[in-house]
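Reader: I'm new to this one and would like to go through it slowly. Could you show me the structure before we start?

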Amino acid sequence: QVQLVESGGGLVQAGGSLRLSCAASRRTFSTYTMGWFRQAPGKEREFVAAINRSGGSTYYADSVKGRFTISRDNAKNTVYLQMNSLKSEDTAVYYCAARAMGQSEYKYWGQGTQVTVSS
(Lines give C-alpha, C1' and ligand atoms only; values in the text may rest on other atoms or scores of the structure.)
Protein backbone atom coordinates (compact mmCIF):
# COMPACT_ATOMS: atom_id res chain seq x y z
CA GLN A 1 0.00 0.00 0.00
CA VAL A 2 1.29 3.44 -0.95
CA GLN A 3 -0.22 6.66 0.36
CA LEU A 4 0.22 9.73 -1.81
CA VAL A 5 -0.32 13.32 -0.73
CA GLU A 6 -0.29 16.15 -3.25
CA SER A 7 0.38 19.78 -2.47
CA GLY A 8 1.17 23.01 -4.25
CA GLY A 9 -2.06 23.72 -6.07
CA GLY A 10 -3.69 27.11 -6.08
CA LEU A 11 -4.87 30.07 -8.11
CA VAL A 12 -2.53 31.57 -10.68
CA GLN A 13 -2.87 33.95 -13.59
CA ALA A 14 -2.47 32.75 -17.14
CA GLY A 15 1.20 32.67 -18.07
CA GLY A 16 2.22 31.98 -14.50
CA SER A 17 3.82 28.95 -12.89
CA LEU A 18 3.10 26.44 -10.15
CA ARG A 19 5.01 23.50 -8.76
CA LEU A 20 3.08 20.52 -7.52
CA SER A 21 4.57 18.00 -5.12
CA CYS A 22 3.47 14.49 -4.27
CA ALA A 23 4.91 12.81 -1.19
CA ALA A 24 4.76 9.03 -0.93
CA SER A 25 4.57 7.06 2.28
CA ARG A 26 6.76 4.12 1.37
CA ARG A 27 10.51 3.77 1.41
CA THR A 28 10.11 1.60 -1.72
CA PHE A 29 9.05 4.72 -3.63
CA SER A 30 11.89 4.20 -6.10
CA THR A 31 10.30 0.97 -7.31
CA TYR A 32 7.20 2.78 -8.61
CA THR A 33 6.62 4.54 -11.89
CA MET A 34 4.94 7.82 -11.01
CA GLY A 35 2.40 9.77 -12.99
CA TRP A 36 0.39 12.97 -12.90
CA PHE A 37 -3.18 13.09 -14.15
CA ARG A 38 -5.82 15.79 -14.15
CA GLN A 39 -9.56 16.09 -14.31
CA ALA A 40 -11.38 19.23 -15.34
CA PRO A 41 -15.05 19.80 -14.47
CA GLY A 42 -17.29 17.74 -16.69
CA LYS A 43 -14.37 15.97 -18.35
CA GLU A 44 -12.69 12.60 -18.11
CA ARG A 45 -9.49 12.24 -16.16
CA GLU A 46 -6.52 12.55 -18.49
CA PHE A 47 -2.85 11.69 -18.44
CA VAL A 48 -0.44 14.59 -17.97
CA ALA A 49 3.04 13.19 -17.39
CA ALA A 50 4.93 10.17 -16.11
CA ILE A 51 8.43 9.34 -14.96
CA ASN A 52 10.14 5.98 -14.67
CA ARG A 53 11.62 4.56 -11.49
CA SER A 54 15.09 6.04 -11.89
CA GLY A 55 13.88 9.37 -13.25
CA GLY A 56 15.78 8.82 -16.47
CA SER A 57 12.73 8.69 -18.73
CA THR A 58 9.78 11.04 -18.84
CA TYR A 59 6.58 11.13 -20.86
CA TYR A 60 4.14 13.95 -21.51
CA ALA A 61 0.75 14.60 -23.00
CA ASP A 62 1.01 16.69 -26.14
CA SER A 63 -1.03 19.43 -24.48
CA VAL A 64 1.64 20.08 -21.83
CA LYS A 65 4.84 19.18 -23.67
CA GLY A 66 7.36 22.00 -23.44
CA ARG A 67 5.50 23.68 -20.57
CA PHE A 68 5.41 21.05 -17.81
CA THR A 69 8.32 19.11 -16.33
CA ILE A 70 8.00 16.01 -14.18
CA SER A 71 10.83 15.04 -11.85
CA ARG A 72 11.41 12.92 -8.78
CA ASP A 73 13.65 12.76 -5.76
CA ASN A 74 13.81 9.17 -4.59
CA ALA A 75 15.70 10.15 -1.44
CA LYS A 76 12.72 12.29 -0.44
CA ASN A 77 10.02 9.92 -1.75
CA THR A 78 8.61 12.82 -3.75
CA VAL A 79 7.57 13.48 -7.33
CA TYR A 80 7.13 16.98 -8.72
CA LEU A 81 5.31 18.66 -11.57
CA GLN A 82 6.68 22.03 -12.57
CA MET A 83 4.04 23.85 -14.60
CA ASN A 84 5.02 26.93 -16.60
CA SER A 85 3.17 29.11 -19.08
CA LEU A 86 -0.12 28.04 -17.58
CA LYS A 87 -3.28 28.39 -19.59
CA SER A 88 -6.92 28.54 -18.53
CA GLU A 89 -7.41 25.08 -20.02
CA ASP A 90 -4.94 23.70 -17.47
CA THR A 91 -7.51 24.34 -14.75
CA ALA A 92 -8.28 20.99 -13.13
CA VAL A 93 -7.79 18.81 -10.11
CA TYR A 94 -4.35 17.26 -10.41
CA TYR A 95 -3.66 13.78 -9.08
CA CYS A 96 -0.46 11.88 -8.65
CA ALA A 97 -0.47 8.13 -9.03
CA ALA A 98 1.90 5.20 -8.55
CA ARG A 99 2.31 2.11 -10.69
CA ALA A 100 4.18 -0.87 -9.29
CA MET A 101 6.72 -2.90 -11.25
CA GLY A 102 5.05 -5.37 -13.56
CA GLN A 103 1.69 -3.66 -13.34
CA SER A 104 -0.04 -2.03 -16.30
CA GLU A 105 -2.27 0.29 -14.33
CA TYR A 106 -1.79 2.94 -11.70
CA LYS A 107 -3.13 1.40 -8.54
CA TYR A 108 -2.43 4.09 -5.96
CA TRP A 109 -3.80 7.62 -6.14
CA GLY A 110 -3.58 10.79 -4.13
CA GLN A 111 -6.54 12.90 -3.09
CA GLY A 112 -5.83 15.59 -5.67
CA THR A 113 -4.95 19.26 -5.57
CA GLN A 114 -6.86 22.02 -7.32
CA VAL A 115 -5.14 24.19 -9.91
CA THR A 116 -7.07 27.17 -11.18
CA VAL A 117 -5.69 29.39 -13.93
CA SER A 118 -7.42 32.72 -14.40
CA SER A 119 -7.36 34.41 -17.78
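Author: Let me begin with a term we shall need: a nonpolar core is a set of buried Ala, Val, Leu, Ile, Met, Phe, Trp, Tyr and Cys residues joined through side-chain atoms within 4.5 Å. Please also keep in mind that this is a predicted model.

Reader: OK, so how many residues has the largest nonpolar core, and which have the most contacts inside it?

Author: The largest nonpolar core holds 31 residues, and those with the most contacts inside it are Leu 4, Met 34, Trp 36, Leu 81, Met 83 and Tyr 94. The elements that contribute two or more residues to this core are strand 3 (18–24), strand 4 (33–39), strand 5 (46–51), strand 7 (68–73), strand 8, strand 9 and strand 11 (113–118).

Reader: And Met 83, what is it in contact with, leaving aside neighbours within four places in sequence?

Author: With those neighbours set aside, Met 83 is in contact with Gly 16, Ser 17, Leu 18, Leu 20, Arg 67, Phe 68, Tyr 94 and Val 115.

Reader: Switching topic: how many disulfides does a search of the whole structure find?

Author: The search finds one disulfide, formed by Cys 22 and Cys 96, with their sulfur atoms 1.9 Å apart. This pair links distant parts of the chain, since Cys 22 sits in strand 3 and Cys 96 in strand 9, 74 residues apart.

Reader: Is that link right-handed or left-handed, and are the two cysteines buried or exposed?

Author: The link of Cys 22 and Cys 96 is right-handed, with 45 degrees about the S-S bond, and both Cys 22 and Cys 96 are buried.

Reader: What about the sheet of four strands, in what order do they come?

Author: The four strands form an open sheet in the order 1-3-8-7, with antiparallel pairing. Strand 1 (4–7) and strand 7 are the edge strands, each pairing on one side only, and the twist averages 15 degrees from one strand to the next. Strand 1 is joined to strand 3 by four bridges, and Ser 7 has Ser 21 in strand 3 as its bridge partner.

Reader: One last thing, where does Asp 90 lie, and why is it called buried?

Author: Asp 90 lies in the loop between strand 8 (78–83) and strand 9 (92–99). Asp 90 is called buried because its relative accessible area is 1%, and buried means under 20%.

Reader: Which backbone nitrogen does its side chain reach?

Author: The side chain of Asp 90 reaches the backbone nitrogen of Lys 87 at 2.8 Å. Leaving aside neighbours within four places in sequence, Asp 90 is in contact with Arg 38, Arg 67, Phe 68, Ser 85, Val 115 and Val 117.

Definitions and conventions. Residues are numbered from 1 along each chain as its sequence is written. This is a predicted model: local features need pLDDT of at least 70, side-chain atom pairs count only at pLDDT 80 or more; totals for chains, interfaces and linings use all residues. Side-chain values use heavy atoms; hydrogens and water are left out. Buried means under 20% relative accessible area, exposed over 50%, partly exposed in between (1.4 Å probe, protein chains only). A polar contact is a pair of N or O atoms within 3.5 Å; within protein, one must be able to donate a hydrogen and the other to accept it, and residues adjacent in sequence count only if both atoms are side-chain atoms. Contact means heavy atoms within 4.5 Å. A disulfide is a pair of cysteine sulfur atoms within 2.5 Å. Two strands pair if DSSP finds at least two bridges between them. Axes are lines fitted to C-alpha atoms, for helices over the stretch in contact, and angles run from 0 to 180 degrees between N-to-C directions.
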